[in-house]
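Trainee: Before we go through this model, could you explain how each term is justified, so that I can set every value against its definition?

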Amino acid sequence: MTSSPTPVTIATEQARTRLHELTVIDVRTPAEYASGHLPGALNIPLDHVRRALPEIRHASEQGDVLVVCASGARSENACKLLAEQGIPTATLSGGTGAWAAEGHDLHTPAACDTRAGWSMERQVRFTAGTVVLLGLLLGLLVHPALLLISAGIAGGLVFSALTNTCGMAAVLGKLPHNRPRAADLDAALAALRSR
């Protein structure tokens with residue numbers, strides 16, 4: 001990685017060989033992180049990255065920072081945010097999914113320390129599917145205008161694909177089971193400060 005604040009993408013094999021020298025920040029929700037993450041990764045959910053700017057800046061001054069998520073979209077957004085703050089970072093090509101697909105180990109917290117749950121993608125698919133079915137059912141049984149609920153979700157999914165954003169994921173990420181516990185976030189920030 002360079003000293004430039006421009007975010008770069010690195011391949012999983014390059015990340016694997018350099019893992020011991022990288023500060024890895026996983027920007028997925030705590031539930032996704034608990035389901036399996038890169039060895040040594042610290043969980044700073046995407047919506048908490050701004051709060052962690054001083055700690056991430058400190059870690060980047062000590063060595064290279066790799067930002068990861070499930071597929072690379074959220075980590076790319078985090079890298080752009082960090083680049084705007086002059087913090088050099090890299091994102092993992094294909095995210096944790098590509099890491100696991102190439103046969104690399106994922107670490108999971110001990111059972112007593114975890115709130116493992118569904119991935120954000122699975123939560124979005126479940127919620128969108130449920131709302132579409134509900135809209136169809138209400139449109140058939142109550143009033144045809146309620147079919148617009150399903151049309152709205154379909155439009156949102158198309159917009160999400162075109163812009164590579166997901167408003168539904170942003171909303172779902174704010175639910176209690178997707179929020180970091182204060183102690184977990186504080187521990188991750190302390191680990192970044194101690195780099």
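The exchange below takes up the chain as a whole, then the sheet, and then one serine.

Mentor: This is a predicted model, in which local features need pLDDT of at least 70 and side-chain atom pairs count only at pLDDT 80 or more, while totals for chains, interfaces and linings use all residues. Residues are numbered from 1 along each chain as its sequence is written, and side-chain values use heavy atoms, with hydrogens and water left out.

Trainee: How do you know how many helices and strands there are in the protein chain?

Mentor: Helices (H or I, at least four residues) and strands (E, at least two) are DSSP runs numbered from the N terminus, and the protein chain has nine helices and five strands. Along the sequence they follow the pattern β-α-β-α-β-α-β-α-β-α-α-α-α-α, and the C-alpha atoms fill a box of roughly 60 × 40 × 35 Å along the principal axes.

Trainee: What percentage of the residues of the protein chain count as buried?

Mentor: Buried means under 20% relative accessible area, exposed over 50%, and partly exposed in between, with a 1.4 Å probe and protein chains only; of the 195 residues, 37% count as buried.

Trainee: Which strands pair in the open sheet, and in what order?

Mentor: Two strands pair if DSSP finds at least two bridges between them, and the open sheet of five strands has the order β1-β5-β4-β2-β3, with parallel pairing. Because β1 (8–10) and β3 (42–43) each have a single partner strand, they stand at the edges, and one side of each is left without a neighbour in the sheet.

Trainee: What makes each of these a pair, in numbers of bridges?

Mentor: Three bridges join β1 to β5 (residues 90–92), four join β2 (residues 23–26) to β4, and two join β4 to β5, as two also join β2 to β3; with at least two bridges required, they count as pairs. As for residues that stand opposite each other, isoleucine 10 faces leucine 92 in β5, leucine 66 faces alanine 90 in β5, and isoleucine 25 stands opposite valine 67 in β4 as well as leucine 42 in β3.

Trainee: Why are both faces of β2 called covered?

Mentor: Thr23 and Ile25 on one side and Val24 and Asp26 on the other are all buried. In β4 (65–68), likewise, Val65 and Val67 point one way and Leu66 and Val68 the other, and all are buried.

Trainee: Why is serine 75 called buried?

Mentor: Serine 75 has a relative accessible area of 0%, and therefore it is buried.

Trainee: Where is serine 75, and which residues is it in contact with, leaving aside its neighbours within four places in sequence?

Mentor: Serine 75 lies in helix α4 (residues 73–84). Contact means heavy atoms within 4.5 Å, and, leaving aside neighbours within four places in sequence, serine 75 is in contact with Val27, Val67, Val68, Cys69 and Thr91. The C-alpha atoms of serine 75 and glycine 167, 92 residues apart along the chain, are separated by 16 Å.

Trainee: At what angle does α4 run to β4?

Mentor: Axes are lines fitted to C-alpha atoms, for helices over the stretch in contact, and angles run from 0 to 180 degrees between N-to-C directions. On that basis α4, which lies across β4 and β5, runs at about 140° to β4.
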